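I opened a fresh page for this one and went through the coordinates item by item. My notes follow in the order I looked things up.

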Amino acid sequence: MKWFRTKAWKPIDLACLKWSCLLSGMIIGAYLSDFTKRFVWLFAAAAIALAVRPVLAWFRDDP
């Protein structure tokens with residue numbers, strides 16, 4: 001079984017994956033709310049840092 005391979009996802013599969021990640025994040029966030037509130041600026045900085053590369057890739061002109 002290859003872990004890293006290209007796969008064409010069907011829209012329903014993508015939607016199910018995104019919703020499962022969202023709901024899992026809500027459950028984990030509910031259990032760790034005190035920890036998250038304490039380090040909210042750290043999580044915000046990490047989210048922005050992780051978003052830089054996809055944003056640059058989106059706006060970059062590919063030949």
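**Starting in the middle helix**

I began with Thr 36, which sits in helix α2, residues 33-38. The model is a predicted one, so I keep that in mind throughout. I looked up how covered Thr 36 is and got 31% relative accessibility, so I put the residue down as partly exposed. Then I took a distance from Thr 36 to Val 52: the two are 16 residues apart along the chain, and their C-alpha atoms are separated by 22 Å.

**Stepping back to the whole chain**

Next I wanted the layout. I count three helices and zero strands, and from the N terminus on the order is α-α-α. Helix α1 covers residues 11-31, and helix α3 takes in residues 40-59.

How does the radius of gyration of the chain stand against that of a compact globule of 63 residues? The globule would be near 11 Å, but I have 16 Å for the chain. The C-alpha trace spans about 45 × 30 × 25 Å along its principal axes.

What share of the 63 residues is buried? I get 0%. A residue has to fall under 20% relative accessible area to count as buried, and none of my spot checks on single residues contradicts the total: Thr 36, for one, is at 31%. For the surface, I noted about 6,600 Å² exposed by the chain, with carbon and sulfur atoms supplying 72% of it.

I also tallied charges. There are 9 positive and 4 negative side chains, and the centres of the two sets lie 8 Å apart.

**Two more spot checks**

I picked Ile 27 in helix α1. Its relative accessible area is 52%, so I list Ile 27 as exposed. From Ile 27 to Lys 10 I get 26 Å, C-alpha to C-alpha, for 17 residues of sequence.

Then I went to Trp 41, in helix α3. Is Trp 41 buried or exposed? Exposed, with a relative accessible area of 73%. I used Lys 10 as the other end here too: the C-alpha atoms of Trp 41 and Lys 10 are separated by 36 Å, and the residues are 31 apart along the chain.

**Rings**

How many aromatic pairs does the structure hold? I find two. The one I wrote out is Phe 35 with Phe 43, at 5.9 Å centre to centre and 70° between the planes, which I file as edge-to-face. The angle settles that label, because planes over 60 degrees apart count as edge-to-face. Ring pairs also bring in Phe 39, giving a cluster of Phe 35, Phe 39 and Phe 43.

I checked cover for both rings of the pair I wrote out. Phe 35 has a relative accessible area of 39%, so it goes down as partly exposed. Phe 43 is partly exposed as well, at 39% relative accessibility.

**Cysteines**

Last, disulfides: the structure holds zero. Why is there no bond between Cys 16 and Cys 21? The closest cysteine sulfur to that of Cys 16 is in Cys 21, and it is 11 Å away, which is too far for a bond. I ran the search from the other end, and for Cys 21 the closest sulfur is the one in Cys 16, at 11 Å. The cut-off for a disulfide is 2.5 Å between the sulfur atoms.

I looked at cover here as well. Cys 16 is partly exposed, with a relative accessible area of 48%. Cys 21 is at 49% relative accessibility, so I note this residue as partly exposed.

Methods
Residues numbered from 1 in each chain as written. Predicted model: local features only at pLDDT ≥ 70, side-chain atom pairs only at ≥ 80, totals over all residues. Heavy atoms only, no water. Buried < 20%, exposed > 50% of the residue type's maximum accessible area, 1.4 Å probe, protein only. Phe/Tyr/Trp six-rings, centres within 6.5 Å; stacked < 30°, edge-to-face > 60°. Helix = DSSP H or I, 4+ residues; strand = E, 2+ residues; numbered from the N terminus. Rg over C-alpha atoms; globule rule 2.2 N^0.38 Å. Areas by Shrake-Rupley, 256 points an atom, 1.4 Å probe, with all protein chains shown as cover. Lys, Arg positive; Asp, Glu negative; His and termini not counted. Charge placed at Lys NZ, Arg CZ, Asp CG, Glu CD.
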